[in-house]
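Work through the exercises below with the model open beside you. Try each task before you read its solution.

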Amino acid sequence: MRSSRKTGSSKLVKKWNKEEILQQVIQHGQISRADIAKQTQLSRPCVSALVEEMIQDGLLQEVGMGDSRGGRKPILLEYNYQAYAIVGAVFEGSALEMAVADLKGEFLARYRKRLAQPADGERVIEDLAAGLDRLLAESSLPRDRLLGIGVGLPGVTQRGSGTVSFAPSTGWMGSPIRQTIEERLEVPVIIDNDVNMMTLGESVRGVGVGYSNVVYIYVGTGIGSGIILDGQLYRGSRDAAGEIGYMLIGPVHSRRDGAYGVFETHYSVPGVKAQAKAFLSDLQEGSSIIETLIGQARQDNREAARLLDDVYRHWAYAMANIVSVLNPELLILSGEMVHIDEKGVKQIREWLTEWVPVVPRMEKARLGEEAGLIGAVHSVLEAFPSTKLLDK
């Protein structure tokens with residue numbers, strides 16, 4: 001509780017007072033004008049006048065009557081979580097996932113599009129623009145009520161400069177991608193690595209809730225990880241922390257400029273599929289390669305069993321390296337790793353127990369494709385907290 005400030009311009013004091021009122025409403029969920037005055041030590045006429053302005057601006061709404069304390073029942077106020085909307089978008093491999101959400105982060109509409117391969121950066125931005133138009137139409141939202149869009153991108157993503165310094169799958173090498181997207185969509189943009197967005201999502205709403213030191217491992221078109229240390233997403237000195245696809249795990253080759261790393265070359269989804277094609281001729285597009293190998297191994301396909309063991313072992317090598325350096329409480333397995341069966345998880349745990357002194361808890365990701373979208377929306381909510389809406 002803070003008392004009304006007596007210094008500064010009247011406009012600034014008014015804004016401060018509105019911030020205090022907004023914080024009280026969000027904190028309590030529903031609250032009366034009288035209780036706001038009591039909590040903030042602002043006068044009742046001041047609270048009433050400012051509340052009316054905030055109702056007119058769409059930030060607050062009246063939601064019914066509260067309990068009487070001897071007089072008339074008070075009218076309760078509530079934060080209007082539909083005042084503005086946020087869009088989250090994540091590119092991963094061959095798909096674009098998008099969602100529009102309210103200020104609580106609840107999804108109002110979803111959009112998914114398969115992307116042409118190989119991916120083209122300019123085409124991807126046009127797909128993003130088309131997806132935004134579709135979401136706004138489906139949710140009946142005017143563009144001026146859109147607070148911003150969080151975009152998860154593959155590669156080494158510099159949030160501060162708005163560039164992607166390394167992205168083999170799209171060709172965005174050093175390009176000012178945030179500025180380009182903002183100019184095309186005409187909305188504020190927050191960019192981050194796609195796996196970082198997924199990590200945020202699982203941390204705020206998935207299996208990572210309640211953990212302060214987490215490593216999220218994703219296997220898809222590439223291999224990456226998101227790192228949370230002491231409750232904060234760790235990005236490294238040049239935003240390249242977690243790029244475990246470049247670990248020297250597997251046959252080492254001379255990497256050309258723009259090429260994938262050693263680990264992901266051999267043990268990402270395309271890498272494993274390339275090895276499986278030597279003995280499996282009918283791999284289905286879009287199917288899980290791990291589920292396919294498990295099925296074949298159960299039918300006594302020795303080549304499938306051998307490859308499956310090799311993949312699990314090399315994924316476990318990466319986990320052992322991560323655990324040795326970061327000592328996380330929790331490893332979250334995501335992407336293709338969610339298809340590991342109980343036998344495979346047990347085997348990986350046994351290897352880790354042999355190799356490292358402290359084995360963390362290991363869980364499969366819970367949110368699936370929603371993880372990145374939830375993280376992308378959360379990144380915008382962090383960048384545009386509720387009090388900033390008073391400036392709009």
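The exercises cover two sheets, a helix pair and three loop residues.

This is a predicted model, in which local features need pLDDT of at least 70, side-chain atom pairs count only at pLDDT 80 or more, and totals for chains, interfaces and linings use all residues. Residues are numbered from 1 along each chain as its sequence is written, and side-chain values use heavy atoms, with hydrogens and water left out.

**Exercise 1. Lay out the five-stranded sheet.**

Task: Give the strand order of the open sheet of five strands, and find its edges.

Solution.
- Start with the terms. Strands (E, at least two residues) and helices (H or I, at least four) are DSSP runs, numbered from the N terminus. Two strands pair if DSSP finds at least two bridges between them.
- The order is β13-β12-β11-β14-β15, and the pairing is mixed.
- β13 and β15 (361–364) are the edges; each has a single partner strand, so one side of each lacks a neighbour in the sheet.
- Direction ignored, neighbouring strands of this sheet are turned by 25° against each other on average.
- Now take the pairs. β11 (214–219) meets β12 (223–229) in the antiparallel sense over six bridges. Val 219 has Ile 223 as its bridge partner in β12. A hairpin of three residues joins β11 to β12.
- On the β14 (330–335) side, β11 pairs in the parallel sense, over six bridges. Leu 330 of β14 stands opposite Val 214.
- β14 and β15 run parallel and are joined by four bridges. Met 362 in β15 is the bridge partner of Leu 331.

**Exercise 2. Judge the burial of β11.**

Task: Which residues of β11 point one way, and which the other way? Why is β11 largely enclosed?

Solution.
- Fix the scale. Buried means under 20% relative accessible area, exposed over 50%, and partly exposed in between (1.4 Å probe, protein chains only).
- Recall the rule. In a regular strand the side chains alternate between the two faces of the sheet.
- Val 214, Tyr 216 and Tyr 218 point one way. Val 215, Ile 217 and Val 219 point the other way.
- Six of the six residues of β11 are buried, so the rest of the structure largely encloses this strand.

**Exercise 3. Describe a helix pair.**

Task: At what angle do the axes of α1 and α3 cross, and which residues make the contact?

Solution.
- Axes are lines fitted to C-alpha atoms, for helices over the stretch in contact; angles run from 0 to 180 degrees between N-to-C directions.
- The axes of α1 (10–28) and α3 (44–56) cross at roughly 80° and come within 10 Å.
- That makes α1 roughly perpendicular to α3. The cut-offs: under 35 degrees is roughly parallel, over 145 roughly antiparallel, 65 to 115 roughly perpendicular, and the rest oblique.
- Contact means heavy atoms within 4.5 Å. α1 supplies Lys 14, Asn 17, Lys 18, Ile 21 and Leu 22. α3 supplies Cys 46, Val 47, Leu 50, Val 51, Glu 53 and Met 54.
- By class, this contact has seven nonpolar, one polar and three charged residues. Here Ala, Val, Leu, Ile, Met, Phe, Trp, Tyr, Cys and Pro count as nonpolar, Asp, Glu, Lys and Arg as charged, and the others, Gly among them, as polar.

**Exercise 4. Lay out the three-stranded sheet.**

Task: Which strands are the edge strands of this sheet?

Solution.
- The sheet is open, with the order β1-β3-β2 and antiparallel pairing.
- β1 (30–32) and β2 (60–65) are the edge strands, each pairing on one side only.
- The twist averages 40° from one strand to the next.
- β1 and β3 (75–79) are joined by three bridges. Ser 32 has Leu 76 as its bridge partner in β3.
- α2 (33–40) packs on the sheet and touches β1, β2 and β3. The direction of α2 makes about 85° with that of β1.

**Exercise 5. Compare three loop residues.**

Task: Are Ser 268, Ser 140 and Asp 230 buried or exposed?

Solution.
- Ser 268 lies in the loop between α7 (262–267) and α8 (269–276). Its relative accessible area is 3%, so Ser 268 is buried.
- Leaving out residues up to four places away in sequence, Ser 268 touches Val 219, Gly 220, Thr 221, Gly 222, Ile 223 and Phe 263. The side chain of Ser 268 reaches the backbone oxygen of Thr 221 at 3.5 Å.
- Ser 140 sits in the loop between α4 (121–139) and β7 (146–153). At 63% relative accessibility, Ser 140 is exposed. Its phi is near 55°, a positive value in a residue other than glycine.
- Asp 230 is in the loop between β12 and β13 (232–234). Asp 230 is exposed, at 65% relative accessible area. Phi of Asp 230 is near 50°, again positive in a residue other than glycine.

Notes:
Polar contact = N/O pair within 3.5 Å; in protein donor to acceptor, adjacent residues only side chain to side chain.
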